[in-house]
Amino acid sequence: MSLLDIEGISVSFRTDQGRVLAVRGLSLSVAPNEVVGVVGESGSGKSVSALSILGLLPRGRSEISGAIRFEGENILGWPERRLRKLRGGAIAMVFQEPMTSLNPVLSIGWQIGEVLRLHRGLARHEARREAVELLRVVGLPDPEGMIEAYPHQLSGGQRQRVMIAIALAGRPRLLIADEPTTALDVTIQAQILDLLRALQARFGMAMLLITHDLGVMAEMAARVVVMYGGEKVEEAPTARLFASPRHPYTAGLLGAIPRLSPERRDALVEIPGTVPVVHAPPAGCIFAPRCARADERCRSVPPSFAWQAPGVGVACHHPLGEG
Ligand SMILES: Nc1ncnc2c1ncn2[C@@H]1O[C@H](COP(=O)(O)OP(=O)(O)OP(=O)(O)O)[C@@H](O)[C@H]1O
Ligand SMILES: [Mg+2]
């Protein structure tokens, strides 16, 4: 059974420029212990999808439909009080910028302790001991001293380790990591990814890992969901996706990976154009304006997502690797 089942969610926002359709008909599932990656360019709807899971979209300005099942229960539309018990507990989240998620006026120990008291019911002294242990687990130096520290005294990498400790404090069964390393230096990025991978295995958490970095995806995720313009355009086991992408967009993204050998560094291929901001359902395929394979049908009939093989699906009239 799945741990998380997102079933056909659509999300729109009311803005001064009119309605923005940020996510359309997205379905994806995460099994217990599994690492699923979500990849796509800026604006493709990755963060909005993640925020939807925990009911963190701006209330009153956003609309959501579909179903989001966690351990079999539809949590979409749960009242705030119930969701708050889930957040930081069974489902934890790590964001891109740890400084904005940490409270600058509260000590690290207090912020971890709050989760331990709230979600695990630990008493003060127990919470302190456990907080020190968690800081050790995430590889921070001098955990005893660290719990007295404030966020501004830490480096970016250390702050992200603290955020991970806070996430772990609630013993989550699902960790949602939205660009957890984007704001960090390259060497620190690798360390944080290694840490996440080790913790995922050690604690048996499932992880929904959002990134625009395909290299990260290749190393971390068993399965990848590719998003474009608010839609899922392809899904496949990671090795399969890299070996034979079906959607022209995925193929474009793969072509856009910088070559690893130094002499090929300049070979970064961008897909011409940008992800559109969608105000109304498009007439045809959302990717058609940027697609070399697009024909009249693509411009008039939206392709629906279809499974081609177990776990391999694509939304395209002319997928690659056919015929
Ligand atoms: N609060 C909001 N109000 C209005 N529009 C929004 C809001 N949040 C997101 N959007 C729009 O929804 C679309 C998807 O945004 P989202 O943040 O999910 O993209 P993303 O895939 O996470 O991109 P990035 O890689 O830059 O993080 C974008 O067009 C964005 O402008
Ligand atoms: Mg985002």
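**Ligand 1 site and domain contact**

Of the 14 residues that surround ligand 1, those that come nearest are Ser42, Gly43, Lys46, Ser47 and Val48. The model is a predicted one, and the points below take up the surroundings of ligand 1 and then the contact between the two domains given by the domain assignment of the chain, domain 1 and domain 2.

**Polar contacts and burial of ligand 1**

- A polar side-chain atom of serine 47 is placed 2.9 Å from an oxygen atom of ligand 1, while the backbone also takes part, with an N or O atom of glycine 45 at 3.0 Å from an oxygen atom of the ligand and a backbone N or O atom of serine 44 at 3.2 Å from one.
- Ligand 1 exposes 630 Å² when taken alone, and the protein buries 70% of that area.

**Make-up of the shell around ligand 1**

- Strand E1 (4-15) and helix H1 (46-53) are the elements that give two or more residues to the shell around ligand 1, and the largest share, three residues, comes from H1.
- Sorted by class, the shell holds six polar, four nonpolar and four charged residues.

**Domains and their contact**

- In the domain assignment, domain 1 is made up of the segments 33-63, 80-90 and 178-314, whereas domain 2 covers 98-169.
- The centres of domain 1 and domain 2, taken over C-alpha atoms, are separated by 30 Å, and the contact takes 16 residues from domain 1 and ten residues from domain 2.
- The size of an interface is often given as the accessible area lost when the parts come together; between domain 1 and domain 2 the buried area is about 1000 Å², with carbon and sulfur atoms giving 70% of it.
- Within domain 1, the residues that lose the most area to domain 2 are Gly88, Ile192 and Leu195, which together account for 34% of what that side buries.

Terms used
Residues are numbered from 1 along each chain as its sequence is written. Chains are lettered from A and ligands numbered from 1 in the order in which they are written. This is a predicted model: local features need pLDDT of at least 70, side-chain atom pairs count only at pLDDT 80 or more; totals for chains, interfaces and linings use all residues. Side-chain values use heavy atoms; hydrogens and water are left out. A residue is near a molecule or strand if one of its heavy atoms lies within 4 Å of it. A polar contact is a pair of N or O atoms within 3.5 Å; within protein, one must be able to donate a hydrogen and the other to accept it, and residues adjacent in sequence count only if both atoms are side-chain atoms. Accessible areas come from the Shrake-Rupley method with a 1.4 Å probe; for residues, only the protein chains shown count as cover. Helices (H or I, at least four residues) and strands (E, at least two) are DSSP runs, numbered from the N terminus. Ala, Val, Leu, Ile, Met, Phe, Trp, Tyr, Cys and Pro count as nonpolar, Asp, Glu, Lys and Arg as charged, and the others, Gly among them, as polar. Domain bounds come from an automatic or database domain assignment. Contact means heavy atoms within 4.5 Å. Buried area is the accessible area (1.4 Å probe) that two parts lose on being put together, summed over both.
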